[in-house]
Amino acid sequence: MGTLAGAGNAAADEPTQHQGGAVATLDGLKTYDSARLDLGNGKTKKIAAGLFEMSVEGGGRLKTYCIDIHNPTQDKAKYLETPWAQTSLGANENAGRILWILQNSYPQVDDLAGLAGKAGTGPLTEKTAAAGTQVAIWRFSDNATVEASDPQAEKLADWLQEKAENLQEPKTSLTLEPNAVSGKAGSKLGPVTVRTNAGQVSVAAPAAAAAGVKVTDKDGKAVTSATDGTELYFDVPEGTADGSATLSVEATTSVPVGRAFASASKSQTQILAGSSDSTVSANATANWATKGAIPSVTAEKNCAKGGVDVTAGNEGDTPFTFELAGIKHTIGAGESKTVTVPVAEDQAYDFTITGPNGFSERFQGVLDCKTQGTPAPETPDEEETPSSEPSPATAGGSSEGTTGGEGDLAATGGSSATPMIAGIAVVLVVAGGAAMFILRKKKAVAGE
């Protein structure tokens, strides 16, 4: 059965599924200059170009560049460290060149005199170096025709574009693979493998520890810290009542340059240019029972297929059956199956999967897999007057507390009123008491 519901902007405040790494809040555009964006048909627009900053939950600071020029930023938007494949970078053959630019320009290269000498630009300041770097990135991320206003910044952009080489995606700061397991009480459930660039991560015992459930290695030894490649298990004593538990891992590390950051709402995708030591974390859940179906469920965006991959496993002794989009799926004992839930570009999704013994997993997010096409200009040769107040939705973001630049420049694809609208919730009732899926779609006005 289905229901129709208006979504508004509520998605920005709802919890979002995260596969691990850094979680940060956008503080705005901090070091920038101006650039000129070609809108076609002889029309241009002046925009801000440079470095954003973010505050990491738990401590730390990030510096990022935009990789989605026509999509506006949302003030104080929440961002999640995200694999390239779940952003527009996944289908971009030049994604690796953007990483080269990040590694070979400001702020990774903070010797501006040396950078200017190598690139043959003439004197560079922090703001012109940031602008030139952003312009070069936009040419690869959005295939945009854009030029830096400052001559030295434009020379830097041209040099970076010419020299860029295609590099491999950097590894995650921290994640757990898989982030959900299941099995029978009286056994060790897993393994859950730690993937991290940190030297060591702390491992927090699940809340169910009072009932005797603990995190161990494969030999049953309790684990309180781990390194990259460590395999973790949930040790569930025999006789433990049917239930579930969550383990958490956390570390303080520098997030690798080039990691993508996608918004939990509809705000332009960012790519990491620099990181202080920052808090990163990841969670994994375990579900156990003594008999019957024992499900585990994970979900991740699939940009290639235009949807969300839901992978359901069953470590029980009876089948796990559910109906999704009118199609019945049965997971046999010891089997798993992946079902792709179609989600339109720029739409929010929200679905909950329930099963026996109180099992319930909720997944939320926004499918943002493409950059926008160039929008038609509203005014010929438009150049907006800088605002006296920070704008919550501009290509350059907020100018409050900035270094250089000309205040908030032209909005390039939306306004502070960019809403999520036309939400559709679909409730899929599961046959056999196995699962229920709720899918709510919300379409942004400023679609990509």
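## Strands β10 and β14

Strand β10 covers residues 201-204, and strand β14 covers residues 243-254. The two pair in the antiparallel sense over three bridges. One contact point can be named: S202 has E250 of β14 as its bridge partner. The model is predicted.

## The five-stranded sheet

β10 and β14 belong to an open sheet of five strands. The order is β8-β17-β14-β10-β12, and the pairing is mixed. The edges are held by β8 (180-184) and β12 (225-226). Each edge strand has a single partner strand, so one side of each is left without a neighbour in the sheet.

## Strand β5 and its partners

Strand β5 runs over residues 78-82. Four of its five residues are buried, so β5 is largely enclosed by the rest of the structure.

β5 pairs with strand β2 (residues 23-40), antiparallel, through three bridges. Here V23 stands opposite L80 of β5. β5 also pairs with strand β15 (residues 260-263), again in the antiparallel sense, over four bridges. In that pairing, E81 has F261 of β15 as its bridge partner.

## Helix α1

Helix α1 spans residues 95-103. This helix is mostly covered, with seven of its nine residues buried. The buried set is A95, G96, I98, L99, W100, I101 and L102.

What covers these buried residues? Both strands and helices take part. The cover includes strands β4 (61-66) and β16 (270-275). It also includes helices α3 (126-141) and α4 (151-163).

## Nonpolar cores

The largest nonpolar core holds 86 residues. Inside this core, Y65, L232, F234 and V249 have the most contacts. Helix α3 supplies the largest share of the core, eight residues. Apart from this core lies another, of 20 residues. Its members include V297, A299, F320 and I331.

## Around F234

Which residues does F234 contact, leaving aside its neighbours within four places in sequence? Among them are V181, S187, K188, L189 and V192. K214 is also in contact with F234. Further along the sequence, F234 is in contact with A245, T246 and L247. The list ends with A284, T285 and A286.

Two of the elements already described meet F234 here. V181 falls in β8 (180-184), and V181 is in contact with F234. A245, T246 and L247 fall in β14 (residues 243-254), and these three are in contact with F234 as well.

Note on methods: Residues numbered from 1 in each chain as written. Predicted model: local features only at pLDDT ≥ 70, side-chain atom pairs only at ≥ 80, totals over all residues. Heavy atoms only, no water. Pairing = 2+ DSSP bridges. Buried < 20%, exposed > 50% of the residue type's maximum accessible area, 1.4 Å probe, protein only. Contact = heavy atoms within 4.5 Å. Core = buried A, V, L, I, M, F, W, Y, C linked by side-chain atoms within 4.5 Å.
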